[in-house]
Amino acid sequence: MVKPVKFSRVVRIAAILAILLTVSVSSTGTGGIGFRTRAEGDIDGDGMTEEYILVDHHLIVREGEKYLWQSPGDWRVDNFALGDVDNDGTVNLALTLWKEGSFGSIKPFWQTAEDTSYKHHLFVYRLQNKAMKQVWCSSDLDRPIVSFIIRDVDGEGPSLVVEEGKYRKVSGERYALDKKASVRTTVWRWDEWGFRLIKLYIFEGE
Ligand SMILES: [Ca+2]
Ligand SMILES: [Ca+2]
């Protein structure tokens, strides 16, 4: 159980800004801290730079004129980052997206009912042999991710720093981000099979 770190509003904002500030300098785009619409990187380390472009909630990865990957048409991608989020020495692509259902066309055996909820997800990939390979794909997130960065915040290796919001029910099983709800900041580190919560920052009085 991770003990929440409680801050007053002013101290909290200063603490989070200290974590996020250096990253925001290298970010481009209009969404705010940690948001990108374009990035370059050589995440497979083959000496050729890939370009990552987010257009109309659709992520495209290309290398020169060659398209390597694009997000499926029924995903609404809202953010991405390049970083070694699973701490294995190679850079990953991490992205957040809205989609229906927790799984793809093949459901795990324990999932018997049809999952039709439209919620937020975090997916992690690596680039290998010019193809994007899934490393980890979340089920429906308990809280939608407002923004995230990949950052070594404590000298213990890369971690995922996340601003988590709340869902707003649109209709039926369809959800969206509640833009009026308060956010909390969490820090997650890869732990062999998934992400482990290592820090939770919350407002006093929440
Ligand atoms: Ca490359
Ligand atoms: Ca990695």
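**A colleague's note on the predicted model**

1. Let's start at a turn: Asp56 is found in the loop between E3 and E4, where strands (E, at least two residues) and helices (H or I, at least four) are DSSP runs numbered from the N terminus. Please keep in mind that this is a predicted model, in which local features need pLDDT of at least 70, side-chain atom pairs count only at pLDDT 80 or more, and totals for chains, interfaces and linings use all residues. Residues are numbered from 1 along each chain as its sequence is written, while chains are lettered from A and ligands numbered from 1 in the order in which they are written.

2. What is the sign of phi at Asp56? Phi there is positive, near 50 degrees, in a residue other than glycine. His57 lies in that E3 to E4 loop too, and its phi is near 65 degrees, again positive in a residue other than glycine. Most residues other than glycine have a negative phi.

3. Asp56 is exposed, with 6 other C-beta atoms within 10 Å. His57 has 13 C-beta neighbours inside 10 Å and so counts as partly exposed. For reference, a residue is buried with 20 or more other C-beta atoms within 10 Å of its own, exposed with 12 or fewer, and partly exposed in between, with C-beta atoms placed from the backbone.

4. On either side of this loop, E3 and E4 belong to an open sheet of 4 strands, ordered E2-E3-E4-E5 with antiparallel pairing (strands pair if DSSP finds at least two bridges between them). Strand E2 (38-41) and strand E5 (66-70) stand at the edges with a single partner strand each, so one side of each has no neighbour in the sheet. The twist from one strand to the next averages 20 degrees, using axes fitted to C-alpha atoms and angles from 0 to 180 degrees between N-to-C directions.

5. E2 and E3 run antiparallel and are joined by 4 bridges. In E3, Tyr52 is the bridge partner of Ala39.

6. Tyr52 also turns up among the residues that Phe80 touches, together with Arg36, Leu54, Leu59, Leu93, Ala94 and Leu95, leaving aside residues up to four places away in sequence. Contact here puts two C-beta atoms, placed from the backbone, within 7 Å.

7. The largest nonpolar core has 32 residues, and Phe80, Leu59 and Phe148 are among those with the most contacts inside it. Such a core is a set of buried Ala, Val, Leu, Ile, Met, Phe, Trp, Tyr and Cys residues joined through C-beta atoms within 7 Å. Strands that each supply at least two residues of this core include E3 (50-55), E4 (58-63) and E6 (76-83).

8. Overall, the chain has 1 helix and 15 strands, and 28% of its 206 residues count as buried.
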